[in-house]
Amino acid sequence: MLSRHGQALNRFRQPVQNASIARFDGPGRYQTHSKQAASFWAQKELRGPGLASWSGVKRGGARMGKSAAMTAPNAALNAGSNATLNADAAELDKFAALAHHWWDAGGELATLHHINPLRLNWIDAQRPLQGARVLDVGCGGGILADAMARKGAEVLGIDLAEKSLQAARLHALEAETPRVSYRAVAAEALAAQEPASFDVVTCMEMLEHVPDPAAIVAACAALVKPGGQVFFSTLNRNPKSWLMAIAGAEYALRLLPQGTHDYTRFIRPSELAAFCRAAGLSVQRVSGLHYNPLTRRCWLTPDASVNYMLSALRPA
């Protein structure tokens, strides 16, 4: 009989077909950053920082139009699984529209920059990143992935929003960040291709944006090596979290773009812990994260009623 982890892993063993992007086109925002960046965009056949529209996808030598590939124009194919993507086209579009804000530390995603040192140190304290092979699931523009690489890890960031990945790649070139790469692939597809391949898997501020968060947790469990650790962060679901994360952060204080979060997709710690156990992971720690928007300070707290982080171990 298969172990719980083996059963979770088998969910991702799907037939794999090669997929490649045929061409990108889009308006530019970073054309003049540097000769290195200009060379990067030329190699990618882009006229901008990945603000792309799909002109077609080649699969097994055949060309498919936009509607056959995927209706969301900025959504990257998962490059490996012919199962339905665990992604919401509206969510991908929403983050694609923010692509040029990822590395604006004073812009619409500034809060992510403010909390990044805390979540980085929280991960590093439990599993030192120096020399580790790390996967960042739902990496967006690479804020955490870049920081983990600078801590000495070899990092792969994955996401389905190609525009965000292009912003991450450009920043890595501009900042000369070592040991970091980015790939447009779904976590479930990568789990089928590279099971048990990473010392650390992170999935931060992402679970509340997908239709099936349990499948992402199971994929993360399949991707981490035995004895490795998985780190999640998300939002609790209760009246307080709605008041602070949506009414307060998005509408009253405008810390985030309106519509960033859907309250119905928030996840209680007990639910996330259940997802982990079902995937064969052992929950190690749950920590609340409190952020003061006036002072821009953040700190860990036992109170996990709004933002919280959870670490889990895959038994050896």
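User: Helices are DSSP runs of type H or I with at least four residues, numbered from the N terminus. In this predicted model, which residue with a positive phi follows H6?

Analyst: Helix H6 covers residues 143-150. After this helix comes a residue whose phi is positive, near 105 degrees. That residue is Gly-152.

User: How many of the eight residues of H6 are buried?

Analyst: A residue is buried when its relative accessible area is under 20%. In H6 the residues that meet this limit are Ile-143, Leu-144, Ala-145, Asp-146, Ala-147, Met-148 and Ala-149. They pack against helices H5 (110-126) and H7 (162-175) and against strands S6, S7, S8 (180-184) and S9. The helix is thus described as mostly covered, and the number buried is seven.

User: Which residue meets Arg-150 in a salt bridge?

Analyst: Arg-150 is partly exposed, at a relative accessible area of 46%. Its partner lies four residues away in helix H6, so about one helical turn separates the two. The partner is buried, with a relative accessible area of 4%. The N to O distance is 3.2 Å, and the residue is Asp-146.

User: Which residue forms a salt bridge with Asp-199?

Analyst: Asp-199 lies in strand S9 and its partner in strand S10, so the pair ties together parts that are 26 residues apart in sequence. Asp-199 is buried, with a relative accessible area of 15%, whereas its partner counts as partly exposed at 29% relative accessibility. The closest N and O atoms are 3.2 Å apart, and the partner is Lys-225.

User: What is the N to O distance in the salt bridge of Arg-237 and Glu-271?

Analyst: Arg-237 is in the loop between S10 and H10 and Glu-271 is in helix H11, so this pair ties together parts that are 34 residues apart in sequence. Arg-237 counts as buried at 16% relative accessibility, while Glu-271 is partly exposed at 24%. The N to O distance between their side chains is 2.7 Å.

User: How many salt bridges are there?

Analyst: The pairs include Arg-150 with Asp-146 and Arg-237 with Glu-271. Arg-133, Arg-183 and Glu-194 are linked in a network. The count of salt bridges comes to twelve.

User: Which element gives the most residues to the largest nonpolar core?

Analyst: This core has 40 residues, and those with the most contacts inside it are Leu-135, Val-137, Val-201, Ile-216, Phe-232 and Leu-272. Elements that give two or more residues include strands S6 (133-137), S9 (198-204) and S10 (224-235), together with helices H8 (187-193), H9 (213-223) and H11 (269-278). The one that gives the most, with eight residues, is H9.

User: How many residues does the other core have, the one that includes Trp-102?

Analyst: This core lies apart from the largest one. Its members include Trp-102, Cys-139, Leu-144 and Ala-184, and Leu-144 is also one of the buried residues of H6. The number of residues in this core is 37.

User: Is His-209 buried or exposed?

Analyst: His-209 is in the loop between S9 and H9. It touches Asp-88, Glu-91, Phe-95, Thr-260, His-261 and Arg-265, leaving aside residues up to four places away in sequence. A polar contact of 2.8 Å joins its side chain to that of Glu-91. Because its relative accessible area is 10%, His-209 is buried.

User: What accessible area do Trp-242, Leu-243 and Met-244 have together?

Analyst: These three residues form a nonpolar patch on the surface. Trp-242 belongs to helix H10 (residues 239-252) and counts as partly exposed at 41% relative accessibility. The accessible area of the patch is about 300 Å².

User: Of the 316 residues in the protein, what percentage is buried?

Analyst: The secondary structure comes to eleven helices and 13 strands. Among contacts between residues at least 6 apart in sequence, 71% join residues at least 24 apart. The protein exposes about 13600 Å², of which carbon and sulfur atoms supply 53%. The buried share of its residues is 54%.

Definitions and conventions
Residues are numbered from 1 along each chain as its sequence is written. This is a predicted model: local features need pLDDT of at least 70, side-chain atom pairs count only at pLDDT 80 or more; totals for chains, interfaces and linings use all residues. Side-chain values use heavy atoms; hydrogens and water are left out. A nonpolar core is a set of buried Ala, Val, Leu, Ile, Met, Phe, Trp, Tyr and Cys residues joined through side-chain atoms within 4.5 Å. Buried means under 20% relative accessible area, exposed over 50%, partly exposed in between (1.4 Å probe, protein chains only). Patches are made of residues with over 30% relative accessible area and no salt bridge: like charges are joined within 9 Å, nonpolar side chains (Val, Leu, Ile, Met, Phe, Trp, Tyr) within 5 Å. Accessible areas come from the Shrake-Rupley method with a 1.4 Å probe; for residues, only the protein chains shown count as cover. A salt bridge is a side-chain nitrogen of Lys or Arg within 4 Å of a carboxyl oxygen of Asp or Glu. A polar contact is a pair of N or O atoms within 3.5 Å; within protein, one must be able to donate a hydrogen and the other to accept it, and residues adjacent in sequence count only if both atoms are side-chain atoms. Contact means heavy atoms within 4.5 Å.
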